[in-house]
Amino acid sequence: GLKFIIVGGVAGGMSAATRARRLSESASITVFEKGPYVSYANCGIPYSLGEVIQKEESLILNTPKSFKDRYNLDVHIDSEVVKIDPQQKTVDVRVQGEKTIERYAWDKLVLSLGAEPFLPPIKGIDLPHVFTLQTIPDLRRIRCALQASTRVKHVAVIGGGFIGLEAAENIKGLGFEVSILEAAPQVFTLVDHDIAERIHTELRANGVSVHLRVNIKEIQPGHVMLGSGETVPADVVIAAVGVRPRTSLARDAGLKIGSSGAVSVDHFMRTSHPDIYAVGDMVETENRVLDRALPLALAGPAARQGRIAVDHALGILKEGYRGNVGTSICKVFGLAVASVGTSARVLQQMGKKPLWVTVYPPSHAGYYPGAQPLSLRVIFEPESGRLLGAQVVGKEGVDKQIDVLAMAMQTGMSISDLEHLELAYAPPYGSAKSPVNMAGFVGTNVLRGIVRIMHPEELVSSGFPLESIQLLDVRSPEEFGRGHIPGAVNISVNTLRERMDELDKNKYTVVYCGVGYRGYLAYRMLEQNGFEQVVNLDGGTSLFFSGG
Ligand code: FAD
């Protein structure tokens, strides 16, 4: 049988190894993992740190012995591959603590080396109280540092991405004071700023101190000094500013590196060498929204790519990897935030002119107890309506909405297709018009010109030229009294038909309400009564007043 060598024994590597065995009893399959564990749940590490997952052993899903027993795999831990010889088809392996190097031959080599935590070039980043959070040894080191003394009270997390947010929540749960230090104007940069505001609110409500737009000057024992002059107390610092594909081994072997800096592979996960495959965090794959190859550090793609590589190596695969849309979700205390595709902000930065709509449906029928408001944004192409991205944040049902939207994107649906989706409904679970349908209705109305919208940030950047625009608040007088956009006049949507003559038909009119629905009703009345220049404020004031 074929001789497989698999390098890296976690997500991509172990799915490749076990798949290879399921397909071929005669193959020889050897896995080298440089760390002390294989097949561990790295995604569970933050929750183990927070003792939500109480037993650390729960993270270790398999051992070399269990892999030998069930799959007849030869799994070597503490064994680092230090060199690949693509001509001779061998790898050199160094076992931890030993000087000698062993050489192993392969027919097919699968690399799943993962990604390296990136350490920003900050003075003091190499101090002993600064940690990254990626492996079980990292987890133990952080746990040790937190328990080292009762004087350890403050933890600073550098970076507000997935791992930073998960670390912050879990460490806060242990009773420490936690600060997040983020260089961008928002955490979770996969979503647009106004959507991220809900995360900031949730973090602060849970006692996490959120510092945005920070420029870290220096890490010192006990605190982090910011460029602003501010000092953030930090007995322990977690650096979670992202990862970089591990490429040096592939580079040294002469394998092609893509323009993103990750290893370049074809649809079958083949590198530039016909018998060397690479999968997971170390490779770049086609981003289906941006039509270019980019790395994507997520567990699902790594696991599926591992299977594809082996299927191809064994000659049973006709169709390869389809590329990715970047479907992801993160828990932040009581909130879930999820994203797929590309944000409106990033698309705009790339010079594109996407359309987007934002709706605020309840997570299930509002009249059934326990419904929670969702913020759901769908981004699409102006002419075709092709879906470019979606973002959902809320306390319930976020995972369901994002998965529906991710499916829609992967099947090439447009915003108008969302109108037609038939989704499960009973009051405890959803609404007859599901949140995704609602986004489809609103988006399709925009595409068909049934409503024209303006986004809150466009209104802000227009600088409120009040003399030239008519700002109409169609909420009730009570709501208006509790706060409104400066300069707005208040005519409730229920009285608008009678009071329309108080308005100037020739002025550019911006209508708004709380979330956009009453504004839409008012828009339709005004437009049909000869107001030619009306826009409805997308999403109403809900995000506007949250600071977005
Ligand atoms: P890895 O799983 O990282 O495996 C690579 C392995 O290769 C490592 O064990 C490494 O030691 C080994 N290795 C490297 N070089 C060598 C060498 N020269 N010789 C031998 N072995 C080597 N993704 C999600 O989708 N959802 C989540 O919720 C999520 N949470 C995460 C939380 C944390 C704390 C972390 C760290 C990651 C999380 N991820 C999550 C990302 C996900 O874990 C990765 O995308 C996935 O594990 C990538 O799989 P991989 O096989 O490419 O790399």
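**A pocket, a patch and a buried leucine**

Student: Is Y367 buried or exposed?
Tutor: We're looking at a predicted model, so keep that in mind. Exposed here takes a relative accessible area over 50%. Y367 comes in at 63%, so it counts as exposed.

Student: Where does Y367 sit, and which residues make the nonpolar surface patch with it?
Tutor: Y367 is in the loop between β24 and β25 (374-380). The nonpolar surface patch it belongs to covers about 360 Å². Its partners there are Y368 and Y425.

Student: What about L471, buried or exposed?
Tutor: Start with its place: L471 lies in strand β28, residues 469-473. The cut-off for buried is under 20% relative accessible area. L471 has just 2%, so it's buried.

Student: What separates the C-alpha atoms of L471 and A488?
Tutor: Along the chain, these two are 17 residues apart. In space, though, their C-alpha atoms are separated by 4.7 Å.

Student: Which element gives the largest share of the lining of the second largest pocket?
Tutor: That pocket has a volume of about 600 Å³. Of its 23 lining residues, the closest to the centre are V359, M438, F441, V442 and Y517. Elements giving two or more residues are β24 (355-359), α12 (435-447) and α16 (517-528). The largest share, five residues, comes from α12.

Student: And how many residues of that lining are nonpolar?
Tutor: Let's take the other classes before the one you want. Six lining residues of the second largest pocket are polar and three are charged. The nonpolar ones number 14.

Key:
Residues are numbered from 1 along each chain as its sequence is written. This is a predicted model: local features need pLDDT of at least 70, side-chain atom pairs count only at pLDDT 80 or more; totals for chains, interfaces and linings use all residues. Side-chain values use heavy atoms; hydrogens and water are left out. Helices (H or I, at least four residues) and strands (E, at least two) are DSSP runs, numbered from the N terminus. Buried means under 20% relative accessible area, exposed over 50%, partly exposed in between (1.4 Å probe, protein chains only). On a 1 Å grid over the protein atoms alone, a cavity is a set of points where a 1.4 Å probe fits but cannot get out, and a pocket is an open set with protein on both sides within 12 Å along at least five of seven lines; lining residues have an atom within 4 Å of a point. Grid points are joined across faces, edges and corners, and a volume is the space filled by probe spheres set on the points. Ala, Val, Leu, Ile, Met, Phe, Trp, Tyr, Cys and Pro count as nonpolar, Asp, Glu, Lys and Arg as charged, and the others, Gly among them, as polar. Patches are made of residues with over 30% relative accessible area and no salt bridge: like charges are joined within 9 Å, nonpolar side chains (Val, Leu, Ile, Met, Phe, Trp, Tyr) within 5 Å. Accessible areas come from the Shrake-Rupley method with a 1.4 Å probe; for residues, only the protein chains shown count as cover. A salt bridge is a side-chain nitrogen of Lys or Arg within 4 Å of a carboxyl oxygen of Asp or Glu.
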